[in-house]
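Colleague: Got a minute to walk me through this one? I'd like the rings, the core and any odd backbone angles.

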Amino acid sequence: MIPLAQPPHAEDAPPSAEAGAPDLMEIYRAHVDYVWRIARSLGIPADAAEDVTQEVFLCVHHRLHTFRPGGSIRAWLFGITRNLVLHDKRSYARRERHLAALPQPQATAGEPDATVRVQQAAALMQAFLDELDLDKRLVFQMTEIEEMTADEIAEALAIPLGTVYSRLRAARARLERFRLRLHARDERRHACATNP
């Protein structure tokens, strides 16, 4: 089992080549967080994403010889992660339903305001991502969060470049509508609070 301590700091650092093949540990260090986030974006709950991440890197260990030199490591890792997730999707979905049935922890009164704001922002972003269909969500996340290029996304998803741009435009339009809805909701709350 590959340990998951020591998350990477330089996600885009290229793997070194030893006899033309990338080094597994360098790939792991550079991309473990990326694989975890992709698993999450594909619907894997946070507590199961570490298991999926380990499965991905075990698969990488066995398939490292199949990596095309000059190809995108991140696109290749995305494909492996997607395939593992889709293969086991039913069991993860069942587990997520069970977890969703549990009561959510509440913020304590002594919790710092900054922490609460970060948690609220993360919850809002997750609510937005949950509204998107999987195709748009993946393109949005890969562009805006993972900072992947359109070419890398097209390779990872095996779609035309124009489709990447089309899905990204649609996702950004949905984000703007989501933002406007939140703004209108906040305006209504403010109006109710000032006019009892």
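Modeller: Sure, starting with a term: rings of Phe, Tyr and Trp (its six-membered ring) pair if their centres lie within 6.5 Å, with planes under 30 degrees apart called stacked, over 60 edge-to-face and the rest tilted. By that rule, ring pairs link Phe128, Phe140 and Phe178 into a cluster.

Colleague: What should I know about the model and the numbering?

Modeller: This is a predicted model, where local features need pLDDT of at least 70 and side-chain atom pairs count only at pLDDT 80 or more, while totals for chains, interfaces and linings use all residues. Residues are numbered from 1 along each chain as its sequence is written, and side-chain values use heavy atoms, with hydrogens and water left out.

Colleague: OK, how many aromatic pairs does a search of the whole structure find?

Modeller: Four. One of them is Tyr28 with Phe57, edge-to-face, at 5.0 Å centre to centre and 80 degrees between the planes.

Colleague: Which helices does that pair tie together?

Modeller: Tyr28 sits in helix α1 (residues 24-41) and Phe57 in helix α2 (residues 46-63), so the pair joins parts that are 29 residues apart in sequence. Helices here are DSSP runs of H or I with at least four residues, strands are E runs of at least two, and both are numbered from the N terminus.

Colleague: Are Tyr28 and Phe57 buried or exposed?

Modeller: Both are buried. Buried means under 20% relative accessible area, exposed means over 50%, and partly exposed is in between (1.4 Å probe, protein chains only).

Colleague: And what about Phe128 and Phe140?

Modeller: They make another edge-to-face pair, with 5.3 Å between centres and 75 degrees between the planes. Phe128 is in helix α5 (residues 113-131) and Phe140 in helix α6 (residues 134-145), 12 residues apart, and the pair links distant parts of the chain. Phe128 is buried at 1% relative accessible area, and Phe140 is buried at 3%.

Colleague: Which residue lies over the face of Tyr34?

Modeller: Arg74, at 5.1 Å from the ring centre. The rule for a charge over a ring is NZ of Lys or CZ of Arg within 6 Å of the ring centre and within 35 degrees of the ring normal.

Colleague: Switching to the core: how many residues does the largest nonpolar one have?

Modeller: It has 45, and Tyr34, Phe57, Val60, Leu77, Phe78, Met142 and Leu157 have the most contacts inside it. A nonpolar core here is a set of buried Ala, Val, Leu, Ile, Met, Phe, Trp, Tyr and Cys residues joined through side-chain atoms within 4.5 Å.

Colleague: Which helix gives the largest share of this core?

Modeller: α1, with eight residues.

Colleague: I keep looking at α3. Where do Val85 and Thr81 fit in?

Modeller: Val85 is found in helix α3 (residues 73-87), and Thr81 lies in α3 too. Val85 counts as buried at 0% relative accessibility, and Thr81 is buried with a relative accessible area of 0%.

Colleague: What is Val85 in contact with?

Modeller: Leaving aside neighbours within four places in sequence, Val85 contacts Ala39, Leu42, Ile44 and Val52; contact means heavy atoms within 4.5 Å. The C-alpha atoms of Val85 and Val52 are 7.4 Å apart, though the two are separated by 33 residues along the chain.

Colleague: And Thr81, what does it contact?

Modeller: With the same kind of neighbours left out, Thr81 contacts Val35, Ile38, Ala39, Leu42 and Val56. Thr81 and Thr53 are 7.8 Å apart, C-alpha to C-alpha, and 28 residues apart in sequence.

Colleague: Now α7. Which residues are buried there?

Modeller: Ala150, Ile153, Ala154, Ala156 and Leu157. Down the axis of α7, the buried residues fall within an arc of 165 degrees, so they line one face of the helix. That arc is taken from the directions from the helix axis to the C-beta atoms.

Colleague: Last topic, odd backbone angles. What is phi for Ala158?

Modeller: Near 55 degrees, a positive value in a residue other than glycine. Ala158 lies in the loop between α7 and α8 and is exposed, with a relative accessible area of 67%. Glu147 also has a positive phi, about 55 degrees, and is not a glycine. Glu147 is in the loop between α6 and α7 and is exposed at 65% relative accessible area.

Colleague: Why flag those?

Modeller: Because most residues other than glycine have a negative phi.
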